[in-house]
Amino acid sequence: MKKYIFIICLFFAGLVACNEENFSSKEYYRYVLYLLSKEDYNVFSDVYLFDDGNRSTGYFSVGCGGSLANPEEVTVYLEPDTVLLNVYNRSNYDIDTSRYALLMPGDRYSIETMQVVIPAENADQYVKVAVHVLPDGLSPDSTYFIPLAIKSVSKYEVNPDKFNILFRIMVENQYAGMLKDTYYSMKGNTLDDNGEILAGSGIAATKLARPLSKNAVRIFAGTGPVRADFGIDPVLSRPTREELDKYGIVLTVRDNNRVNITPYGTIQVEQVDGEGLNIYSEERDNMVDDKVSKYFYLRYRYRTLNKPATESEAAVYNDWLYVRETIRRLDE
């Protein structure tokens, strides 16, 4: 009896096996073309390093989704997108056009190809497209996009939610970046006219640094402007153009790590050099590990504009402030 039961079980097992499908070799999902994005409004960001006035290269990706690699070669034709940038600006800033993201100037970038071929049996299921950008001269306070869209494909279908992207240009140098805001912690003192520390003159601030070129960053002089919303909301805490003009200074690091301090806007600034001052330094924290901290050691004086010049009167400035600062990068 047991022998017959065993034979019957084998028979039904065989029937089940015949009805099973090979999930490892059959495509159960459609092949869909898309442009890779990681943020709301189909934004995709890439970082560009300054290169002494030369163009540097970043990438966006054209993908082909499916549970298996596409069995046939497919060509994706791209074109400039005309819709997404306006949606982004109106949704985020409404009528405040001063904060609108900008269209990347056409003479400052080039795209390697607008006709992307995804080869058959492409194991990666995407192809990277190079975008060459000249980052020097871009404003560190503006958002730059290259809007792109899929115009057509030679086969398969296009994802209706991922057919376009806003490719964002982010710049970076050794001292600061934009993909993640770079902050420095400052501790220092105000000085008298002879460079001596004044009693009770300790100052401290957290400074946002923005990259300007391969070897230059912009920060605020001293403790900068004081506003109630600083540090409360990341967007509201961003400095205004008026504040940047009034308090912004530029730190330019030379080959010997000496630092030149110059005005960014209407502020007047004069560096006061000395031993171990106005230099950039990278220092190991201890002898146990290889962690390195990055410092600017600064001494300078500055004064801010009180009243702009007119046709009949010269500009009026506030009194000079002398400061000595040690600022340390916080994200390292």
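The largest pocket in this predicted model has a volume of about 920 Å³, taken as the space filled by probe spheres set on grid points joined across faces, edges and corners. A pocket here is an open set of points, on a 1 Å grid over the protein atoms alone, where a 1.4 Å probe fits and protein lies on both sides within 12 Å along at least five of seven lines, and lining residues have an atom within 4 Å of a point.

**Pocket lining**
- Among the 32 lining residues, Tyr-93, Arg-99, Asp-141, Thr-143 and Arg-238 lie closest to the pocket centre.
- By class, the lining comprises 15 nonpolar, five polar and 12 charged residues.
- The largest share, three residues, is supplied by α3.

**Nonpolar cores**
- The largest nonpolar core (buried Ala, Val, Leu, Ile, Met, Phe, Trp, Tyr and Cys residues joined through side-chain atoms within 4.5 Å, buried being under 20% relative accessible area with a 1.4 Å probe and protein chains only) has 31 residues, of which Phe-60, Phe-167 and Ile-169 touch the most other members.
- Strand β11 gives this core its largest share, five residues; strands are DSSP runs of E of at least two residues, and helices runs of H or I of at least four.
- Phe-167 has contacts (heavy atoms within 4.5 Å) that include Phe-44, Tyr-59, Phe-60 and Val-131, leaving aside residues up to four places away in sequence.
- Another core, of 24 residues, lies apart from it and includes Ile-203 and Val-323.

**Basis**
- Local features need pLDDT of at least 70 and side-chain atom pairs count only at pLDDT 80 or more, whereas totals for chains, interfaces and linings use all residues.
- Residues are numbered from 1 along each chain as its sequence is written, and side-chain values use heavy atoms, with hydrogens and water left out.

Technical notes: Buried < 20%, exposed > 50% of the residue type's maximum accessible area, 1.4 Å probe, protein only. Nonpolar A, V, L, I, M, F, W, Y, C, P; charged D, E, K, R; others polar.
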